[in-house]
Structures are given as structure tokens and as C-alpha cells.
Amino acid sequence: MAKIPHRVILTEDQMPKQWYNLRADMKEQPDPLLNPGTMKPVRTEELYPIFCEELAQQEMDSTTRYFDIPEPVLDIYKMYRPSPLCRAYHLEKYLDTPAHIYYKFEGSNTSGSHKLNSAVAQAYYAKKQGLTSLTTETGAGQWGTALSEACSYFGLDLDVFMVKGSYNQKPYRKAVMQTFGANVVASPSDTTKVGRAILETNPDTSGSLGCAISEAIEKATTTPNCRYVLGSVLNQVLLHQSIIGLESKIAMEMIGEYPDIIIGCAGGGSNLGGLIAPFMQDKLTGKANPHFIAVEPASCPSLTRGRYAYDFCDTGRVTPLAKMYTLGCGFIPSPNHAGGLRYHGMSPILSKLYHDGYLDEARSAEQTKVFDAAVLFAKLETILPAPESSHAIRCAIDEAIRCRESGEQKTILFGLTGTGYFDMTAYQSYHDHTMNDYIPTDEELEKGFASLPQVEG
């Protein structure tokens, strides 16, 4: 048998032309979004003041299995897609494992991450609707960078509310966003009512994605011809990101492999949901039974220590309520947290799959152990991974070691969401031994749970 190549890259003709909607094959649907005013299920048209109309329709659609990818979106995808599926031969050799380790590398674009897959789609639908501007939030900066690129391409103005802790830690992310014409504001800020209210209560806060979402929505709803877009969590985002998994599955079929274990880092759920989508379809339809593992930071443990409950998607409590694993919309992750993966809740789709046992495991990892894995991977595979991706690397290494100890030959697939070249402050902290592992106590988490809205039923 011929040796499997280090990199498998599909041709443009082999690239999927449709996104896959995982909800169409789920045994039970996620609980509906609730209107915060009436506590009744949200109707699609109620989302139109916030989201682009076609995106709102995608958000609410649980029956259409495949959505055609618009030609203008495909044209941009072809500049950086299909992305490579890589075999980590050097990592396998170092670990002396019988496991086959693969990773889907999403860092081959200027944003340095998978986020561009949904940013291009959302900017396209905004332009198609005739909008002139968008607003958004960003945590570690990948989403803000990706959306800045997409808005520049389609000629849209963009306001980015960046979590203050990241804004201060990653000034070059801001510079890249500004290069593409975006206006970048540290959140919480004094430019919005909700930002001023948060600062009045906690003037020294390092911010959170929940805070930034509140500000971005306020800006969108008070600006003519403007809408809000989000880079993770939402059903529409997981739909767009399904191209990651669809490409992965085609590439693995080409080399005669199928993953026994699929691992993704988990913050809001965009990368994990996109990677597992077609493989989860196999599980839901009884064609195969891969083992899925979500890996999150121990400092923001929504799946491993959160509650499955209705919660607001933002700190200002203006968004619809979603049923998800959550730490409470007021949760503020520690400012030392190096990567993204800092949202207080998890995608309703992934939350439902986890609650029902289809998403098999959720694990948390301490920051220093994540960077142990990141540095090892960089030395062996020559890619400097993003801190977010390195959570999946940590787990893949652990699983490969288990294979070595048991003698089992398993095929492992993980998502390498992007590169870490804007995360050098964190890498320097690791090398200087000033990085620490903050893990919230039960008492600290209880404060967030105490503020969960009371929803009947």
C-alpha cells in the first residue's frame, strides 16, 4: 500500500458547493430561541432588525439539509480553499504511537483562522440585502480580522467591539483590522449606553464577549442600514463552517481513512460544529460511530462545569434567550486567558448534542498544559498554532499516548483552527514562566448561575 501523503488538498472542482445543515438530521431539535420580552419562541421576522434576512432564515431553518453556497462566496473561498488535511507523521514518531493523527489546517488566509468561512458568507448576504455597514464583537481577534477582510471585499463599513483584555494584549490584531478599514473599539466602551452602564458598575473590567455583543447589537440597531453579525455560537455560523468537515471527509475518503476520534476546541462552537458536521451525520443516521471530544479552557468551562439552561447571549440582556450550556451571561473570564474560547455559553446545537449523548465527551485543559502541546507541535510540525487550536492538540496528544499504551491503532482527526502569530505575548509568557492556570472556583461560578433567567418549563 502506498504511503499516505503528508498533505491532501482537494482540487477546486472537488470543493463542496453546498453547506450542510446538521439540524436536518438531529433526532431532537435544540430548544427554540425565546423573545426576552414575551418569553415566547422567536419568529424569524423578529430577528430581521438585528440580522440580515437570509441569515435569519438560515438561523431558524431546521429542515433544509443542504444550502447552495452562492457563487460570489465560492469565488472568495477559492482564494484559500480547499484547505489541507495533514498527516502529523513527525508528531506520531515522537510519541511512538500506533495512532494515525490528522489535522485540518484552517490558517492559510490573512485572518489566520477558520473564521473567514462564515465572515465571507455573512458579508455577502449583507451586501445582497443592500446594507451599508455591519457591527460585531471579537474576543481573541480572529473573527474581527476575518470580518474586516470580508467587509473590505464587499465594500461595507464595519465596527468591531473587541474584548478589552485582548485589545490590550494583541495590538497587532487591531492594526490588521484597521488595514482592512474597520473601526476597532475596546469593549466595554463609553460609546454605547450598555458599555457605559457596565463601566459604571465595574470600571476596571477586562471585558467579555457578552459585553462586546451587547455593544455591537446596540450600535447596529441605532445605525441606519446596519445589521449585527456573529462569528460563533449561532446555527447559521455552524452551517457555514460545515465546509471544514465536508472537505475533511472527502479528503479522508480519498486516502481510505475514517476517523475513530474527532477532536475540536470549543468556545462558542464554530470550529467544532463545522469539523464534526458530516461525521455527526453518519452517527445520527447509523452509518458510523466516531467518538467526538470537545476541548475547552479550564478558565471558561461552559460544557464541563456549566449548566444546561436558558440564558441571554449577551451581558446586557437584550438578545434572545438560548438553551445552552452556560456559565451565566455575566461571567467574565480571567484576563490572563491567552486565547479565544472565552464565551460564557456554547452553541445550542452542540449543547443539545452533548446533552443527548451524541457529542461524546467534553474536557477542559489548563493553559500551561495547552502551551506545552503548542510548543511541541510547533517544533515537530513547523506550524505555530493558535492557543485555541492548541486545546485540540493537547487532547490529540493525550489520545495518541493512550493508543501507545493500549496498542490500539486508531485514526485521530483534530481541527487546527489557525495560526498563533498574533499570540506572541502569550507564548512569551509561557517561555518566561509567568503564565498561570486560573481555574474558577465553584463559588465564583455560582455567582453566574444565580443570575440565570427563570424560564418556565
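**Figure 1. Arg305 and its salt-bridge partner Asp442 in the predicted model.** Arg305 has a relative accessible area of 25% and is therefore classed as partly exposed, a class that lies between the limits of 20% and 50%. In this predicted model, the side chain of Arg305 meets that of Asp442 in a salt bridge, with an N to O distance of 2.8 Å. The two residues belong to distant parts of the chain, since Arg305 is in helix H12 (residues 302-305) and Asp442 is in helix H17 (residues 442-450), 137 residues apart. Asp442, for its part, counts as exposed because its relative accessibility is 54%, and exposed residues are those over 50%.

**Figure 2. Helix H10, its kink and the residue that follows.** Helix H10 covers residues 235-254, and at 1.5 Å a residue its 20 residues should span 28 Å, so the separation of 29 Å between its end C-alpha atoms agrees with the expected value. Within H10 there is a kink of about 35°, centred on Gln241. Of the 20 residues of H10, 17 are buried, which means that the helix is largely enclosed by the rest of the structure. Gly256, which follows H10, has a positive phi near 75°.

**Figure 3. The salt bridge between Arg81 and Glu247, with the cis peptide bond at Pro82.** Arg81 and Glu247 form a salt bridge in which the closest N and O atoms are 2.9 Å apart. This pair links distant parts of the chain, with Arg81 in the loop between helix H2 (71-77) and strand E4 (85-87), and Glu247 in helix H10, 166 residues apart. Both Arg81 and Glu247 are buried. The two residues also take part in a network of salt bridges that links them with Lys104 and Glu106. Arg81 is joined to Pro82 by a cis peptide bond, for which omega is about -5°, and Pro82 likewise lies in the loop between H2 and E4. Across the model, the count of salt bridges comes to 22.

**Figure 4. The salt bridge between Asp282 and Lys249.** The closest N and O atoms of the salt bridge that Asp282 forms with Lys249 are 2.9 Å apart. Asp282 lies in helix H11 (residues 270-284) and Lys249 in helix H10, so the pair ties together parts that are 33 residues apart in sequence. Asp282 is buried, because its relative accessible area is 5%, and Lys249, at 17% relative accessibility, also counts as buried; the limit applied in both cases is under 20%.

**Figure 5. The largest pocket and its lining.** The volume of the largest pocket is about 220 Å³. Its lining is made up of Arg23, Gln29, Pro30, Asp31, Pro32, Leu33, Val42, Glu59, Met60, Ser62, Asn235 and Pro348. By class, these lining residues divide into six nonpolar, three polar and three charged. Asn235 is one of the lining residues, and helix H10 covers residues 235-254.

**Figure 6. The second largest pocket and its lining.** This pocket has a volume of about 190 Å³. The residues that line the second largest pocket are Leu327, Gly330, Phe331, Ile332, Pro333, Ser334, Tyr438, Pro440, Glu444, Leu445, Lys447 and Gly448. Seven residues of this lining are nonpolar, three are polar and two are charged. Glu444, Leu445, Lys447 and Gly448 are among the lining residues, and helix H17 runs over residues 442-450.

**Figure 7. Backbone details in three loops, at Pro188, Asn225 and Arg317.** The peptide bond from Ser187 to Pro188 is cis, with omega near 5°, and Pro188 is found in the loop between strand E8 (183-187) and helix H8 (193-201). Asn225, although it is not a glycine, has a positive phi of about 60°; its place is in the loop between helix H9 (209-221) and strand E9 (226-228), and with a relative accessible area of 36% Asn225 is partly exposed. Arg317 is not a glycine either, and its phi is positive, about 60°. Arg317 is located in the loop between strand E12 (307-312) and strand E13 (321-326), where a relative accessible area of 33% makes Arg317 partly exposed.

How values were computed
Residues numbered from 1 in each chain as written. Predicted model: local features only at pLDDT ≥ 70, side-chain atom pairs only at ≥ 80, totals over all residues. Heavy atoms only, no water. Helix = DSSP H or I, 4+ residues; strand = E, 2+ residues; numbered from the N terminus. Expected span 1.5 Å × (residues − 1). Bend = angle between axes of the 7 residues up to and from the residue. Buried < 20%, exposed > 50% of the residue type's maximum accessible area, 1.4 Å probe, protein only. 1 Å grid on protein atoms, 1.4 Å probe; cavity = no way out; pocket = protein on both sides within 12 Å on 5 of 7 lines; lining within 4 Å. Points joined across faces, edges and corners; volume = space filled by probe spheres on them. Nonpolar A, V, L, I, M, F, W, Y, C, P; charged D, E, K, R; others polar. Salt bridge = Lys/Arg side-chain N within 4 Å of Asp/Glu carboxyl O.
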